[in-house]
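Colleague: Could you give me a close look at the side-chain contacts here, both the charged ones and the ones between rings? I'd like to know which parts of the chain they tie together.

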Amino acid sequence: MKTPALSLPAKLTALVSALVLALGLAGCGGGGDSQNTFRIGLEASYPPMEFKDASGKTVGFDIDMAREVAKRLGKDLKIVEIEFDGIWEGLNTERYDAAISACSITQARLKNYLFTKPYIANKQVIVAKKAIADKITSLDALAGMKVGVQKGTTADSACRKFLDENKSKQFTLESYPGATQALDNLELDRLQVVVVDLVVGSYYVNDAKRGFAYAPASFAYEPIGAAFKKTNTELHAKVDKILADMRADGTLQAISKKWFNEDIVSNVKQEYPE
(Lines give C-alpha, C1' and ligand atoms only; values in the text may rest on other atoms or scores of the structure.)
Protein backbone atom coordinates (compact mmCIF):
# COMPACT_ATOMS: atom_id res chain seq x y z
CA MET A 1 0.00 0.00 0.00
CA LYS A 2 1.35 3.42 -0.92
CA THR A 3 1.63 6.05 1.77
CA PRO A 4 -0.89 8.78 1.09
CA ALA A 5 0.68 12.07 -0.09
CA LEU A 6 0.73 14.80 2.59
CA SER A 7 -0.97 18.15 2.03
CA LEU A 8 1.24 21.32 2.10
CA PRO A 9 0.11 22.31 5.66
CA ALA A 10 0.79 18.77 6.85
CA LYS A 11 4.27 18.82 5.22
CA LEU A 12 5.07 22.12 6.95
CA THR A 13 3.87 20.73 10.29
CA ALA A 14 6.07 17.64 9.86
CA LEU A 15 9.08 19.78 8.90
CA VAL A 16 8.69 22.05 11.95
CA SER A 17 8.29 19.01 14.21
CA ALA A 18 11.50 17.50 12.83
CA LEU A 19 13.40 20.75 13.37
CA VAL A 20 12.12 21.07 16.94
CA LEU A 21 13.20 17.47 17.65
CA ALA A 22 16.64 18.06 16.14
CA LEU A 23 17.17 21.28 18.09
CA GLY A 24 15.97 19.62 21.26
CA LEU A 25 18.50 16.82 20.89
CA ALA A 26 21.28 19.29 20.12
CA GLY A 27 20.34 21.31 23.20
CA CYS A 28 20.87 18.32 25.41
CA GLY A 29 24.62 19.09 25.21
CA GLY A 30 25.60 15.44 25.16
CA GLY A 31 23.20 14.55 27.96
CA GLY A 32 23.30 10.89 27.06
CA ASP A 33 27.08 11.07 27.01
CA SER A 34 27.15 12.60 30.52
CA GLN A 35 25.26 9.59 31.88
CA ASN A 36 28.39 7.48 31.43
CA THR A 37 31.17 10.05 31.66
CA PHE A 38 32.50 12.46 34.24
CA ARG A 39 33.32 15.54 32.14
CA ILE A 40 35.91 17.95 33.49
CA GLY A 41 37.01 21.29 32.08
CA LEU A 42 40.66 22.33 32.37
CA GLU A 43 43.42 24.45 30.87
CA ALA A 44 46.38 22.16 30.16
CA SER A 45 49.38 24.45 30.62
CA TYR A 46 49.74 24.36 34.38
CA PRO A 47 52.40 21.81 35.33
CA PRO A 48 52.37 19.67 37.34
CA MET A 49 48.61 20.11 37.89
CA GLU A 50 47.65 19.64 34.21
CA PHE A 51 49.90 19.81 31.17
CA LYS A 52 50.97 18.03 27.99
CA ASP A 53 53.77 15.48 28.26
CA ALA A 54 56.34 14.88 25.50
CA SER A 55 53.87 12.68 23.61
CA GLY A 56 51.12 15.29 23.73
CA LYS A 57 49.09 13.41 26.34
CA THR A 58 47.35 15.50 29.03
CA VAL A 59 48.77 14.48 32.42
CA GLY A 60 49.20 15.84 35.94
CA PHE A 61 47.94 15.78 39.52
CA ASP A 62 44.41 16.87 38.61
CA ILE A 63 44.18 14.27 35.84
CA ASP A 64 45.17 11.38 38.13
CA MET A 65 42.81 12.64 40.83
CA ALA A 66 39.88 13.15 38.43
CA ARG A 67 40.42 9.74 36.84
CA GLU A 68 40.14 8.10 40.27
CA VAL A 69 37.02 10.17 41.05
CA ALA A 70 35.46 9.06 37.75
CA LYS A 71 36.31 5.42 38.53
CA ARG A 72 34.60 5.64 41.94
CA LEU A 73 31.57 7.30 40.27
CA GLY A 74 31.42 4.32 37.90
CA LYS A 75 32.04 6.54 34.88
CA ASP A 76 34.70 7.21 32.26
CA LEU A 77 36.69 10.44 32.48
CA LYS A 78 36.26 12.94 29.65
CA ILE A 79 38.57 15.97 29.48
CA VAL A 80 37.36 19.20 27.86
CA GLU A 81 40.26 21.60 27.30
CA ILE A 82 39.60 25.35 27.41
CA GLU A 83 41.57 28.52 28.13
CA PHE A 84 41.31 29.40 31.80
CA ASP A 85 39.60 32.75 31.29
CA GLY A 86 36.70 30.84 29.71
CA ILE A 87 36.49 28.04 32.26
CA TRP A 88 33.61 29.55 34.30
CA GLU A 89 31.50 30.23 31.21
CA GLY A 90 32.04 26.61 30.16
CA LEU A 91 30.79 25.49 33.56
CA ASN A 92 27.76 27.80 33.33
CA THR A 93 26.83 26.43 29.89
CA GLU A 94 27.36 22.80 31.03
CA ARG A 95 30.12 21.97 28.55
CA TYR A 96 31.44 19.83 31.44
CA ASP A 97 30.29 18.68 34.87
CA ALA A 98 33.13 20.16 36.92
CA ALA A 99 36.05 22.54 36.59
CA ILE A 100 39.12 20.68 37.86
CA SER A 101 41.93 22.97 36.79
CA ALA A 102 43.80 24.10 39.92
CA CYS A 103 40.83 26.35 40.73
CA SER A 104 41.54 28.48 43.80
CA ILE A 105 38.62 28.80 46.22
CA THR A 106 37.80 32.43 46.97
CA GLN A 107 34.89 34.12 48.70
CA ALA A 108 33.91 35.73 45.38
CA ARG A 109 33.82 32.40 43.53
CA LEU A 110 31.87 30.73 46.36
CA LYS A 111 29.04 33.18 45.71
CA ASN A 112 28.60 31.79 42.19
CA TYR A 113 29.78 28.15 42.30
CA LEU A 114 29.82 25.07 44.51
CA PHE A 115 33.30 23.95 45.54
CA THR A 116 34.40 20.72 47.13
CA LYS A 117 36.38 21.04 50.33
CA PRO A 118 39.93 22.04 49.31
CA TYR A 119 41.96 19.05 48.17
CA ILE A 120 45.39 20.71 48.02
CA ALA A 121 47.13 23.59 49.82
CA ASN A 122 48.19 26.58 47.77
CA LYS A 123 49.04 30.28 47.76
CA GLN A 124 50.13 32.88 45.25
CA VAL A 125 53.94 33.04 45.17
CA ILE A 126 56.36 35.38 43.42
CA VAL A 127 58.92 33.58 41.23
CA ALA A 128 62.02 35.45 40.00
CA LYS A 129 65.57 34.80 38.82
CA LYS A 130 67.80 33.86 41.76
CA ALA A 131 69.82 37.08 41.38
CA ILE A 132 66.90 39.29 42.47
CA ALA A 133 64.44 36.96 44.24
CA ASP A 134 65.69 37.56 47.79
CA LYS A 135 65.44 41.35 47.32
CA ILE A 136 61.64 41.18 46.96
CA THR A 137 60.78 41.17 50.63
CA SER A 138 57.43 42.96 50.24
CA LEU A 139 54.89 43.55 47.49
CA ASP A 140 56.01 47.19 47.40
CA ALA A 141 59.31 46.00 45.88
CA LEU A 142 57.45 45.09 42.67
CA ALA A 143 57.11 48.81 41.81
CA GLY A 144 58.61 49.54 38.40
CA MET A 145 58.97 45.86 37.45
CA LYS A 146 57.36 43.84 34.65
CA VAL A 147 55.14 41.24 36.32
CA GLY A 148 53.70 38.23 34.47
CA VAL A 149 50.52 36.28 35.29
CA GLN A 150 48.12 33.89 33.60
CA LYS A 151 45.06 35.77 32.38
CA GLY A 152 41.85 35.20 34.37
CA THR A 153 43.54 33.54 37.35
CA THR A 154 43.49 34.66 40.97
CA ALA A 155 47.12 35.77 40.48
CA ASP A 156 45.84 38.13 37.77
CA SER A 157 43.08 39.40 40.13
CA ALA A 158 45.47 39.79 43.08
CA CYS A 159 47.90 41.88 41.01
CA ARG A 160 45.11 44.10 39.61
CA LYS A 161 43.73 44.60 43.12
CA PHE A 162 47.17 45.60 44.39
CA LEU A 163 47.57 48.10 41.52
CA ASP A 164 44.14 49.60 42.23
CA GLU A 165 44.92 50.03 45.92
CA ASN A 166 48.53 51.22 45.59
CA LYS A 167 48.65 54.04 43.04
CA SER A 168 52.17 55.09 44.05
CA LYS A 169 53.64 51.58 43.71
CA GLN A 170 52.73 50.66 40.15
CA PHE A 171 54.24 47.84 38.09
CA THR A 172 53.58 46.75 34.52
CA LEU A 173 51.26 43.75 34.45
CA GLU A 174 51.61 41.33 31.51
CA SER A 175 48.81 38.71 31.19
CA TYR A 176 49.36 35.51 29.19
CA PRO A 177 46.95 32.76 28.07
CA GLY A 178 49.01 30.18 29.99
CA ALA A 179 51.30 30.19 33.03
CA THR A 180 53.99 28.41 31.04
CA GLN A 181 54.21 31.37 28.64
CA ALA A 182 54.73 33.78 31.54
CA LEU A 183 57.44 31.57 33.06
CA ASP A 184 59.15 31.12 29.69
CA ASN A 185 59.27 34.93 29.31
CA LEU A 186 60.74 35.18 32.82
CA GLU A 187 63.53 32.84 31.73
CA LEU A 188 64.15 35.06 28.67
CA ASP A 189 64.40 38.16 30.93
CA ARG A 190 61.32 39.75 29.35
CA LEU A 191 59.77 39.83 32.83
CA GLN A 192 61.30 40.41 36.27
CA VAL A 193 58.83 38.22 38.18
CA VAL A 194 55.83 35.92 37.70
CA VAL A 195 53.00 35.61 40.22
CA VAL A 196 51.63 32.07 40.12
CA ASP A 197 50.14 29.30 42.26
CA LEU A 198 52.63 27.62 44.62
CA VAL A 199 51.78 24.24 43.09
CA VAL A 200 53.06 25.43 39.70
CA GLY A 201 55.84 27.66 41.04
CA SER A 202 57.38 24.73 42.92
CA TYR A 203 57.58 22.71 39.70
CA TYR A 204 59.64 25.45 38.03
CA VAL A 205 61.76 26.45 41.06
CA ASN A 206 62.75 22.80 41.50
CA ASP A 207 63.88 22.69 37.85
CA ALA A 208 67.51 23.75 38.46
CA LYS A 209 68.26 24.70 34.86
CA ARG A 210 65.66 27.48 35.01
CA GLY A 211 67.56 29.39 37.73
CA PHE A 212 64.37 30.49 39.49
CA ALA A 213 63.71 31.07 43.20
CA TYR A 214 60.83 32.21 45.39
CA ALA A 215 60.76 35.78 46.63
CA PRO A 216 60.19 36.12 50.40
CA ALA A 217 57.05 38.18 49.70
CA SER A 218 53.86 36.43 48.57
CA PHE A 219 50.18 36.99 48.00
CA ALA A 220 47.24 35.29 49.74
CA TYR A 221 46.75 31.68 50.86
CA GLU A 222 44.39 30.10 48.31
CA PRO A 223 43.48 26.41 48.67
CA ILE A 224 42.30 24.56 45.56
CA GLY A 225 39.01 22.70 45.03
CA ALA A 226 36.80 21.23 42.30
CA ALA A 227 34.07 23.64 41.12
CA PHE A 228 30.49 22.84 40.09
CA LYS A 229 27.52 24.80 38.83
CA LYS A 230 25.31 25.94 41.73
CA THR A 231 22.46 23.69 40.63
CA ASN A 232 24.61 20.54 40.35
CA THR A 233 24.23 19.69 44.04
CA GLU A 234 23.94 15.90 43.71
CA LEU A 235 27.17 15.37 41.76
CA HIS A 236 28.98 17.95 43.89
CA ALA A 237 28.07 16.03 47.07
CA LYS A 238 29.19 12.71 45.55
CA VAL A 239 32.57 14.08 44.45
CA ASP A 240 33.12 15.82 47.80
CA LYS A 241 32.53 12.47 49.56
CA ILE A 242 34.84 10.62 47.17
CA LEU A 243 37.66 13.12 47.75
CA ALA A 244 37.26 12.70 51.51
CA ASP A 245 37.44 8.91 51.05
CA MET A 246 40.55 9.27 48.84
CA ARG A 247 42.26 11.32 51.56
CA ALA A 248 41.22 8.80 54.26
CA ASP A 249 42.54 5.76 52.35
CA GLY A 250 45.79 7.45 51.26
CA THR A 251 45.04 7.66 47.54
CA LEU A 252 45.22 11.46 47.46
CA GLN A 253 48.53 11.47 49.34
CA ALA A 254 50.01 8.95 46.87
CA ILE A 255 49.06 11.19 43.93
CA SER A 256 50.60 14.20 45.73
CA LYS A 257 53.90 12.37 46.29
CA LYS A 258 53.96 11.28 42.63
CA TRP A 259 53.80 14.87 41.34
CA PHE A 260 55.29 16.94 44.21
CA ASN A 261 57.52 14.43 46.02
CA GLU A 262 55.70 15.42 49.21
CA ASP A 263 52.27 15.39 50.83
CA ILE A 264 50.55 18.74 50.29
CA VAL A 265 47.00 17.35 50.50
CA SER A 266 46.77 16.64 54.24
CA ASN A 267 45.71 19.23 56.81
CA VAL A 268 44.62 21.77 54.18
CA LYS A 269 43.16 24.86 55.85
CA GLN A 270 39.60 25.80 54.91
CA GLU A 271 40.32 29.53 54.83
CA TYR A 272 39.36 31.41 51.70
CA PRO A 273 40.50 34.89 50.60
CA GLU A 274 38.23 37.49 49.07
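Modeller: Happy to; I'll take the charged pairs, then the rings, and end where a charge meets a ring. Please keep in mind that this is a predicted model, in which local features need pLDDT of at least 70 and side-chain atom pairs count only at pLDDT 80 or more, while totals for chains, interfaces and linings use all residues. Residues are numbered from 1 along each chain as its sequence is written, and side-chain values use heavy atoms, with hydrogens and water left out.

Let's begin with the salt bridges, meaning a side-chain nitrogen of Lys or Arg within 4 Å of a carboxyl oxygen of Asp or Glu. The count by this rule is 19. One of them joins K52 to E81, with 2.6 Å between the closest N and O atoms. K52 belongs to strand β3 (residues 50–52) and E81 to strand β5 (residues 76–81), so this pair ties together parts that are 29 residues apart in sequence. Helices and strands here are DSSP runs, numbered from the N terminus (helices: H or I, at least four residues; strands: E, at least two). K52 is partly exposed, at 39% relative accessible area, and E81 is partly exposed too, at 36%. For these labels, buried means under 20% relative accessible area, exposed means over 50%, and partly exposed is in between (1.4 Å probe, protein chains only).

Another salt bridge brings D249 and R72 together at 3.0 Å, N to O. Because D249 sits in the loop between α10 (233–248) and α11 (251–260) and R72 in helix α3 (residues 61–73), the link spans 177 residues in sequence. D249 is partly exposed at 44%, as is R72 at 33%.

R210 and D184 form a salt bridge as well, at 3.1 Å from N to O. R210 is in the loop between α9 (198–205) and β12 (212–221), and D184 is in helix α8 (residues 179–187), so parts 26 residues apart in sequence are tied together. Here R210 is buried, with a relative accessible area of 17%, whereas D184 is partly exposed at 34%. Salt bridges with shared partners also join D184 and R210 with E187, D207 and K209 in one network.

Now for the rings. Those of Phe, Tyr and Trp (its six-membered ring) pair if their centres lie within 6.5 Å; planes under 30 degrees apart count as stacked, over 60 as edge-to-face and the rest as tilted. The structure has nine such aromatic pairs. In one, the ring centres of F51 and Y203 are 5.9 Å apart and the planes meet at 50°, so the pair is tilted. With F51 in strand β3 and Y203 in helix α9, the pair ties together parts 152 residues apart in sequence. F51 is buried at 13%, while Y203 is partly exposed at 37%.

F61 and F260 make a tilted pair too, because their centres are 6.0 Å apart and their planes lie at 55°. F61 is in helix α3 and F260 in helix α11, so this contact links parts 199 residues apart in sequence. Both F61 and F260 are buried. As for F51 and Y203, ring pairs link them with Y204 and W259 into a cluster.

Last comes the charge on a ring: K269 lies over the face of Y221, 4.6 Å from the ring centre. That label requires NZ of Lys or CZ of Arg within 6 Å of the ring centre and within 35 degrees of the ring normal.
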